[in-house]
Protein chains: 2
Amino acid sequence: MKPDGAPGSEGRLHVRTRTGSYPVLVGRGLLQRLAGIVDEFASVDRVGLVTDDRVGPLHAERVAEQCRRAGLDVTYLTVPAGEASKTRESWSVLTDRMLDAGLGRDSAVIAVGGGVVTDLAGFVAATYLRGVPVVQVPTSYLAMIDASVGGKTGVDVRAGKNLVGAFHPPAVVVADTDVLATLPTVERAGGLVEGVKHGAALDEGHFEAFERAAPVLLDADADAAASYVLDSVRLKAEVVGTDEREAGYRQVLNFGHTIGHALESASGFALAHGAAVAHGMIAEADAGERAGVTAGGTRDRLEAVLRPLLAAAGARRLTLRPSDVSTFLRVDKKARRGRPRYVLLERVGSVSRGDNWTYELPDTLVQDVLTRLLDEA
Amino acid sequence: MKPDGAPGSEGRLHVRTRTGSYPVLVGRGLLQRLAGIVDEFASVDRVGLVTDDRVGPLHAERVAEQCRRAGLDVTYLTVPAGEASKTRESWSVLTDRMLDAGLGRDSAVIAVGGGVVTDLAGFVAATYLRGVPVVQVPTSYLAMIDASVGGKTGVDVRAGKNLVGAFHPPAVVVADTDVLATLPTVERAGGLVEGVKHGAALDEGHFEAFERAAPVLLDADADAAASYVLDSVRLKAEVVGTDEREAGYRQVLNFGHTIGHALESASGFALAHGAAVAHGMIAEADAGERAGVTAGGTRDRLEAVLRPLLAAAGARRLTLRPSDVSTFLRVDKKARRGRPRYVLLERVGSVSRGDNWTYELPDTLVQDVLTRLLDEA
């Protein structure tokens, strides 16, 4: 094993897109040589570096300094930490500040932060002068495993999360697992939920790897994290490479997210994304079992893994009524003719094909599922 | 020749994109069968129909009625006519109204209007749920010849025009030249400037076709317009098919636009786009001659064609100073390291290759060009 933070200890894979591919680098010490990576994969003279006011002092300020020393013209941009920054208003402000700085098409955006920053900065890059490259530097499990890979960018609006955005594949994704040590435990737990989702939907072996490694991953062991994140991203990359635009198969990655997103929206975004998706997976496994699609016992197996994560994520009791939640199911992006669609498992590690990988479910069944979820959660 | 507005009298061509191609239909009577065209090329159940309060009563309301009769669920959305609607605020409002109407991914946007509507509605479609199809129904020369073809969408911001947007190729473009009869003469003249640009940059024959047909085209003769628009779009389509993302050759379509956009911005958008580009082409031909790139006499030949269009466009004297304009040249999307780039002609019908199809010019030369332009214009 290489020493802590040794430059060069990295795993690498490539995500295919409709028009090419981009690399995802996962390992330790990558932030210490980020300027070189930017030069290799984005080849620009000027960058807008977007971060938040929590990650900035911890990591992004040093990244900015390193880029300046390497001769890049850096415009440093920061937003308040938290989901409330993922709005059209923040997007407008960041865009205007980059325009004021005179950044042209010879520029790139570097996003250093969690999912809020990578989604928001990605959308800025997608729409700035009709699109400039973005270098995604995720600093949370959530962003490493999920948000920064796959090209989805966007912001939240009144009607729900991520309803406005664009597909904008990054130039490169750089996931340095050394930074996870500075991530609060509640956020580590929330982000690992997406890894559990990759296992539950795509690969029982990955699910079991989490069952074994949960404590060290929660503890942010940088080597264990590098290995787990790389495997998890590889699973996602295989799906995204097959169906970048979510026309079909990519929807399997939305397991737990139909109900999860509705829970988040119904809570006014007070419920964290990871916790919402954990509840959503338990509920959608329940729904699948009730619909006769999912093998019996799947819900309980998921719950056994997810309850400790929910506890570590500091999730409080849900104080919502089923009707609060169903209102938001209607506007899910997968809805057809106003009817929500659900990704259902066959069993842990495998999604059921259904109609183009999703199912419509009877209202009464969904009602029963929500009632149980909200009674027990 | 078919009778006025006879369904079926159409020309058709295909614009290649990185991921496929889309058809452009040009002819008479197309609006009368738009619902069928939408069904053929977009195949959705629900549409957000975006128009403005001038084109709405003239054309879009009937289109909406026709779509409803064909069984489509239509959300009718209107903005005030004029460039002032091409903003992030309008984009937000249109998006929220579509979300409120519950439009899902089984929806498309239909844009019925001039360049403001096609650019704005295209950007709504590009970012709605990360992208839904858009059917472009241009109702002005500008939108038919230029704005609705090529996949560029976007809005204006404080720093300049079209600085925020996305590439989002339409599902189909439907240009019905019968509608040009309702277009005010000033807008006919302004839009035809882009046709002159296609001739000046790409094809001397097309330039000469305009010289011959200018009066009937200004008079909105629907058959002459169909023939001219189809030829003009074909020239643009060849360029866009070679370089959709404007990495290189597509920049030739920006002839006249570096100075043109700066004039528009410096005027606070009081100067119409067509008039600004006409001035921009004259100025950039002048610049090319001064730089020894453009054949002598090119500026004068352009001016001879464009002055009557400027007069018909009701363009008033420019009351700007050169320094007002040069401020905005710096933020042009083609700028590199804050230095503006210019597309220069070899002669009428041909652009000079330069460095990746653009040139940097000495400040003093640009200053002289602007001084002459603003003295004479």
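**Sheet, helices and the A–B contact**

Biologist: What makes helix 4 of chain A lie across strand 3, strand 5 and strand 6 of chain A?

Modeller: Helix 4 (residues 115-127) of chain A lies across these three strands, running at about 170° to strand 5 of chain A. Angles run from 0 to 180 degrees between N-to-C directions, with axes fitted to C-alpha atoms, for helices over the stretch in contact. Helices (H or I, at least four residues) and strands (E, at least two) are DSSP runs, numbered from the N terminus. This is a predicted model, where local features need pLDDT of at least 70, side-chain atom pairs count only at pLDDT 80 or more, and totals for chains, interfaces and linings use all residues. Residues are numbered from 1 along each chain as its sequence is written, while chains are lettered from A and ligands numbered from 1 in the order in which they are written.

Biologist: How do you know that strand 5 and strand 6 of chain A pair?

Modeller: Two strands pair if DSSP finds at least two bridges between them. Strand 5 (residues 107-113) and strand 6 (residues 134-138) of chain A have five bridges, in the parallel sense, so they pair. A:Val109 has A:Val134 in strand 6 as its bridge partner.

Biologist: Why are strand 1 and strand 4 of chain A called edge strands?

Modeller: The open sheet of chain A has the order 1-2-9-6-5-3-4, with mixed pairing. Strand 1 (10-17) and strand 4 (73-79) each pair on one side only.

Biologist: How many residues of chain B are in contact with chain A?

Modeller: 35 residues of chain B are in contact (C-beta atoms, placed from the backbone, within 7 Å) with 36 residues of chain A. Helix 3 of chain B supplies the largest share of the side of chain B that touches chain A, six residues.

Notes. Two residues are in contact if their C-beta atoms, placed from the backbone, lie within 7 Å.
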